[in-house]
Amino acid sequence: MSTLELVLLVLLTAMTVLSALMVVAVRNLIHAGFGLLPFFLGIGGFYLILSLEFLFALQLLLYAGAVMVVVLFALMLTRDVMNPHVRQTNRLALAGAAVSASLMVFLLGVIYRSLKPLAVLPGAVDADAITRELGRLLLHEYVLPFELTSALLLSAMLGAVFLARNPKVELEEEAG
Amino acid sequence: MNLDNLPLHFFVLLSAVLFAIGLYGLISRRNAIAVLMSIEIVMNAANLNFVAFWRYLHPQSLEGVVFVLVTITVAAAEVAVGMAVVLSIYRMLHTVNVDEVAQMRG
């Protein structure tokens, strides 16, 4: 690992962790929503390190694109009920901090003790071959989950439209 | 990038840290949209774990990546439905704080 790579890795890790902290801890929720963007990009950067260009593109399109837009839309549509000067945590905040901190310490301890030290990436992989094999897998071995996912997406879309429509407006339109 | 001697520990530890951060947000946030954002952090931590274990332990078979693809799709569906529910609650009760929505409490 050269010095430049080390510096880049440290920067990427710091960006990911700090933006995740920003999402969960910042009081102004619009700022918290924008914190999701560097977080998703950072995770995508780790996919690139693990030579998954296809997953990086998906991460950009779906998370940094679609999910970000939906979250920001929802935040802006409900902005009048969120006061950035009011505390944004409930009474479980201290207990939650204690629980997640102890879980983190526990996980770090377990991982540190039990994982065998795998010091090196096992050989370089061909990113094009991975994408090709992924397409083949999705249409052969995993065609059932793949098609179920499309059914899930369709029902989620219909459900979202049904839930988010405004019944009052429709009644007024029918009456008028 | 070519980080040849980066250990698997790094990714697993990072994803444990991100999971804990997301869990904290999940427990402590009042705003339902912020709770959904914390869920996204937790899911991304899990995805990173899947991909890291695939790359280090089973680079020949792509099951881990297929898992991540399905997870990303499910997360997108979850966000869409979740935001629709939040907007519907906002329209009915004029609040998005999860501790004020107690209509189903017995």
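This report walks through a predicted model with chains A and B, from the overall make-up to a few individual residues.

Let's start with chain A. It has 7 helices and 0 strands, and from the N terminus on its elements read α-α-α-α-α-α-α. Of its 176 residues, 23% count as buried. If you look at contacts in chain A between residues at least 6 apart in sequence, 50% of them join residues at least 24 apart.

Now for how the two chains meet. On the chain B side, 64 residues are in contact with 74 residues of chain A. The elements of chain B that put two or more residues into that side are H1, H2 and helix H3 (63-93), and H3(B) gives the most, with 20 residues. Sorted by class, this side of chain B has 45 nonpolar, 12 polar and 7 charged residues.

The largest nonpolar core has 65 residues, and B:Ile33 and B:Val51 have the most contacts inside it. Both chains feed this core: two or more residues come from each of helices H1 (3-25), H2 (29-49), H3 (53-77) and H6 (143-164) of chain A, and from each of H1, H2 and H3 of chain B. H2(B) gives the most here, with 14 residues. Take B:Ile33 as a close-up. Not counting residues up to four places away in sequence, B:Ile33 touches A:Leu29, A:Val71, A:Ala74, A:Leu75 and A:Thr78 in chain A, along with B:Val86 and B:Val96 in chain B.

Next, a helix pair inside chain B. Helix H1 (residues 8-28) and helix H2 (residues 32-57) of chain B pack at an angle of about 165°, and their axes are 8 Å apart. Because of that angle, H1(B) is roughly antiparallel to H2(B). Their crossing is left-handed. By class, the contact between H1(B) and H2(B) has 18 nonpolar, 6 polar and no charged residues. On the H1(B) side, the residues involved include B:Leu8, B:Phe11, B:Leu18 and B:Leu26, while those of H2(B) include B:Ala34, B:Ile41, B:Leu48 and B:Tyr56.

A:Met82 is worth a stop too. This residue lies in the loop between H3 and helix H4 (93-114) of chain A. Why does A:Met82 count as buried? The reason is its 20 C-beta neighbours inside 10 Å, since 20 or more is what the label takes. Leaving aside neighbours within four places in sequence, A:Met82 is in contact with A:Leu29 and B:Asn31. A:Leu29 also turns up among the residues that B:Ile33 touches. As for A:Leu144, 62 residues from A:Met82 along the chain, the C-alpha atoms of these two are separated by 43 Å.

Finally, some backbone oddities. Most residues other than glycine have a negative phi. A:Ser51 is not a glycine, yet has a positive phi of about 55°, and the phi of B:His94, again not a glycine, is positive at about 55°. Here is where they sit and how exposed they are:

| Residue | Place | C-beta atoms within 10 Å | Status |
|---|---|---|---|
| A:Ser51 | loop between H2 and H3 of chain A | 18 other C-beta atoms | partly exposed |
| B:His94 | segment after H3 of chain B | 11 C-beta neighbours | exposed |

Notes:
Residues numbered from 1 in each chain as written. Chains lettered and ligands numbered in written order. Predicted model: local features only at pLDDT ≥ 70, side-chain atom pairs only at ≥ 80, totals over all residues. Axes fitted to C-alpha atoms, helices over the stretch in contact; angles between N-to-C directions. Helix = DSSP H or I, 4+ residues; strand = E, 2+ residues; numbered from the N terminus. Parallel < 35°, antiparallel > 145°, perpendicular 65-115°, else oblique. Left-handed = near helix turned anticlockwise from the far one by under 90°. Contact = placed C-beta atoms within 7 Å. Nonpolar A, V, L, I, M, F, W, Y, C, P; charged D, E, K, R; others polar. Core = buried A, V, L, I, M, F, W, Y, C linked by C-beta atoms within 7 Å. Buried ≥ 20, exposed ≤ 12 C-beta atoms within 10 Å, placed from the backbone.
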